[in-house]
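Biologist: I am new to this one and would like to understand the labels people put on it. Could you show it to me and take my questions?

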Amino acid sequence: PPVTTGTGVAVGTGATQGGVSFGLVRGGTITGTVTASASGAPLQGVTAWVYNSSGAAIANAATDASGIYTVAGLPPATYYVRTSNTSGYVDELFDNIPCPAGTCTPTSGTAIVLAGNQVTNTSFALETGGTITGTVTAAGSGALISGTTIYISSTGGWATTATTDASGHYSRAGLPAGTYYVK
């Protein structure tokens, strides 16, 4: 974002302005491991989203081959973390709160309070989710229809979407066990 506060630094044509220095304080770190709950195997490519106390996303990091993510340089404050993946696992909000397809309110999770340059471990063990798939066709001709939004809602009160591809097919993975309605 543009910086328009603080002390302005005047620079003349062809001139160099020195002495614009900073003294940084080491921030806090939220780190953890994301695994498959059934096997304990690390999950690579899962994104851990970090939210501030207002529920705004402020940072994210993807897990590496060991299932580890790290978000560093955070000022002392209260944070919330949730997962996001496309591998068919049910996403969670820390600590062990299902958040399928990112449909939860981030601040409804367990708060992580960082003080100074503290390192906090927030790990996740994700359950394998179910998948709903289908095809959308024109009623009269049977022609495949692409670009259609499919709405999926649960008896638990949350909803998500899927979109048909060029072949008229859609798929939504990472759904917790339950009853769903599709339109």
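Modeller: Happily; let us go through the labels one by one.
This is a predicted model, where local features need pLDDT of at least 70, side-chain atom pairs count only at pLDDT 80 or more, and totals for chains, interfaces and linings use all residues. Residues are numbered from 1 along each chain as its sequence is written, and side-chain values use heavy atoms, with hydrogens and water left out.

Biologist: Why is Ser154 called buried?

Modeller: Buried means under 20% relative accessible area, exposed over 50%, and partly exposed in between, using a 1.4 Å probe and protein chains only. Ser154 has 11%, so it is buried. You will find Ser154 in strand S12, residues 149-154; strands are DSSP runs of E with at least two residues, numbered from the N terminus.

Biologist: And what makes Phe22 exposed?

Modeller: Its relative accessible area is 71%, so Phe22 counts as exposed by the over 50% rule. Phe22 sits in the segment before S1.

Biologist: How do you know that Cys99 and Cys104 form a disulfide?

Modeller: A disulfide is a pair of cysteine sulfur atoms within 2.5 Å. The sulfurs of Cys99 and Cys104 are 2.0 Å apart, and a disulfide joins them. By this rule the count is one disulfide, and both cysteines, Cys99 and Cys104, are buried.

Biologist: Why is the disulfide of Cys99 and Cys104 called left-handed?

Modeller: The torsion about its S-S bond is about -85 degrees, so the disulfide of Cys99 and Cys104 is left-handed.

Biologist: What makes a group of residues a nonpolar core?

Modeller: The name goes to a set of buried Ala, Val, Leu, Ile, Met, Phe, Trp, Tyr and Cys residues joined through side-chain atoms within 4.5 Å. The largest such core here has 19 residues, and among those touching the most other members are Ile30, Tyr69 and Phe124. Strands S1 (28-36) and S5 (77-84) are among those that each supply at least two residues of this core. Apart from it lies another core of nine residues, including Ile132 and Leu175.

Biologist: Which residues does Ser154 touch beyond its sequence neighbours?

Modeller: Contact means heavy atoms within 4.5 Å. Leaving out residues up to four places away in sequence, Ser154 touches Thr179 and Tyr180.

Biologist: What is notable about the phi of Asn96?

Modeller: Asn96 has a positive phi of about 65 degrees, although it is not a glycine. Most residues other than glycine have a negative phi. Asn96 lies in the loop between S6 and S7, and at 55% relative accessible area Asn96 is exposed.

Definitions and conventions:
Helices (H or I, at least four residues) and strands (E, at least two) are DSSP runs, numbered from the N terminus.
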